[in-house]
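User: I am a first-year student, and I should like a close look at one part of this model. Please take one helix, together with the parts that surround it, and explain it step by step.

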Amino acid sequence: MREELEQKLFTKYPEIFSNRFSESPMKNGICVGDGWYNIIDKLCLKIMQVINKDDSLKESFKINEIKTKYEMLYFYTNQANEKIDKYIMEAELESQTICSNCGDIILFNKSDVILCSKCRRELKFE
Ligand SMILES: [Zn+2]
């Protein structure tokens, strides 16, 4: 993800992104395409709503890694609860239908790259 978008998320959710200053994989930044910005933004907002109601989570909850694996979003945290797990799963499923480059909805995915047909052409996947 380009730095400008990453910084937007780090500024909006400084507590849960503080592992980027540690030795966790988060120090490599958010390793997915720009098109998934909104999915991650929405997910972080939902997570904040959950942890703000739970003192122990609020103190220690961190994101450890955000990357693409098996052509979908993978979102690793140091802890979770049922609600957070559900939100993460929903975001990971949603990522399979959103172009990782431009954020457009993908109606038919013909290959194992998560790109809309326009981006696939532009990025020379076909
Ligand atoms: Zn696209």
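Analyst: This is a predicted model, in which local features need pLDDT of at least 70 and side-chain atom pairs count only at pLDDT 80 or more, while totals for chains, interfaces and linings use all residues. Residues are numbered from 1 along each chain as its sequence is written.

The part chosen here is helix α2, which covers residues 37-51. Helices (H or I, at least four residues) and strands (E, at least two) are DSSP runs, numbered from the N terminus.

We may begin with the partner of this helix. Two packed helices are described by the angle between their axes and the distance between the axes. The axes of α2 and of helix α4 (residues 82-95) come within 10 Å and cross at roughly 175°. Here an axis is a line fitted to C-alpha atoms, for helices over the stretch in contact, and angles run from 0 to 180 degrees between N-to-C directions. The crossing makes α2 roughly antiparallel to α4. For such angles, under 35 degrees counts as roughly parallel, over 145 as roughly antiparallel, 65 to 115 as roughly perpendicular, and the rest as oblique.

Which residues make this contact? From α2 come Ile39, Leu43, Lys46, Ile47 and Val50, and from α4 come Lys83, Ile84, Tyr87, Ile88, Ala91, Glu94 and Ser95. Two residues are in contact if their C-beta atoms, placed from the backbone, lie within 7 Å. Sorted by class, the contact has eight nonpolar, one polar and three charged residues. In this scheme Ala, Val, Leu, Ile, Met, Phe, Trp, Tyr, Cys and Pro count as nonpolar, Asp, Glu, Lys and Arg as charged, and the others, Gly among them, as polar.

The next topic is the nonpolar core. In soluble globular proteins, nonpolar side chains tend to be buried together. A nonpolar core is a set of buried Ala, Val, Leu, Ile, Met, Phe, Trp, Tyr and Cys residues joined through C-beta atoms within 7 Å. A residue is buried if 20 or more other C-beta atoms lie within 10 Å of its own, exposed if 12 or fewer, and partly exposed in between, with C-beta atoms placed from the backbone. The largest nonpolar core has 28 residues, and those with the most contacts inside it are Ile39, Ile40, Leu43 and Ile47. The elements that give two or more residues to this core are α2, β1, β2 and α4, and α2 gives the most, with six. Leu43 is in contact with Phe75, Tyr87, Ile88 and Ala91, its neighbours within four places in sequence being left aside.

Other residues of α2 have fewer C-beta atoms around them than the cut-off for burial. Asn38, in helix α2, counts as exposed because it has 12 C-beta neighbours inside 10 Å. Asp41 also belongs to α2, and it is partly exposed because 15 other C-beta atoms lie within 10 Å. Asp41 and Lys12 are 29 residues apart in sequence, yet 8.8 Å apart in space, C-alpha to C-alpha.

Finally, we turn to the two strands that share the core with α2. Strands β1 (63-69) and β2 (72-77) pair in the antiparallel sense over six bridges; strands pair if DSSP finds at least two bridges between them. Glu65 has Tyr76 of β2 as its bridge partner, and Thr68 stands opposite Leu73 in β2. Two residues lie between the strands of this hairpin. Most residues other than glycine have a negative phi. Tyr70, in the loop between β1 and β2, has a positive phi of about 50°. Glu71, in the loop between β1 and β2, has a positive phi near 55°. Tyr70 counts as exposed because it has 7 C-beta neighbours inside 10 Å, whereas Glu71 counts as partly exposed, with 14.
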